[in-house]
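Q: Could you take a close look at the salt bridges in this one? I'd like to hear what pairs up and where the partners sit.

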Amino acid sequence: MKIQYFQDTDTLYIELRSADITETQDLDENTILDLDTQGQICGITIEHASDRADIPQFSFEQVAS
């Protein structure tokens, strides 16, 4: 997984897995889903990210199962 924040456009991109994107779908006016050939979500684009998430306070934690 890869997470990128583009400060100049206030866009957050979350790549769940690397795959060939064959379709994009608008979830709402500021959220776009990237789908592979089997309709699985590969990435999520979030516009106006600083209004919708606490970008400076981002943290990551992997929890053992």
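**A close look at the salt bridges**

A: Asp36 and Arg17 join their side chains in a salt bridge, at 2.3 Å from N to O. Bear in mind that this is a predicted model. Asp36 sits in the loop between strand E4 (31-35) and strand E5 (41-47), while Arg17 sits in the loop between strand E2 (11-15) and strand E3 (23-28), so this pair ties together parts that are 19 residues apart in sequence. As for accessibility, Asp36 counts as buried because its relative value is 8%, under the 20% cut-off. Arg17, at 36%, counts as partly exposed.

The structure holds two salt bridges, so let's turn to the pair formed by Asp28 and Arg52. Their side chains meet at 3.4 Å, again N to O. Here too distant parts of the chain get linked: Asp28 belongs to strand E3 and Arg52 to helix H1 (residues 49-52), 24 residues apart. Asp28 has 34% relative accessibility and counts as partly exposed; Arg52, at 41%, is also classed as partly exposed.

Arg52 brings us to Asn30, since Arg52 is one of the residues in contact with Asn30 once neighbours within four places in sequence are set aside. The others on that list are Thr45, Ile46, Glu47 and His48. Asn30 itself is found in the loop between E3 and E4, and with a relative accessible area of 18% Asn30 is buried.

Terms used:
Residues numbered from 1 in each chain as written. Predicted model: local features only at pLDDT ≥ 70, side-chain atom pairs only at ≥ 80, totals over all residues. Heavy atoms only, no water. Salt bridge = Lys/Arg side-chain N within 4 Å of Asp/Glu carboxyl O. Helix = DSSP H or I, 4+ residues; strand = E, 2+ residues; numbered from the N terminus. Buried < 20%, exposed > 50% of the residue type's maximum accessible area, 1.4 Å probe, protein only. Contact = heavy atoms within 4.5 Å.
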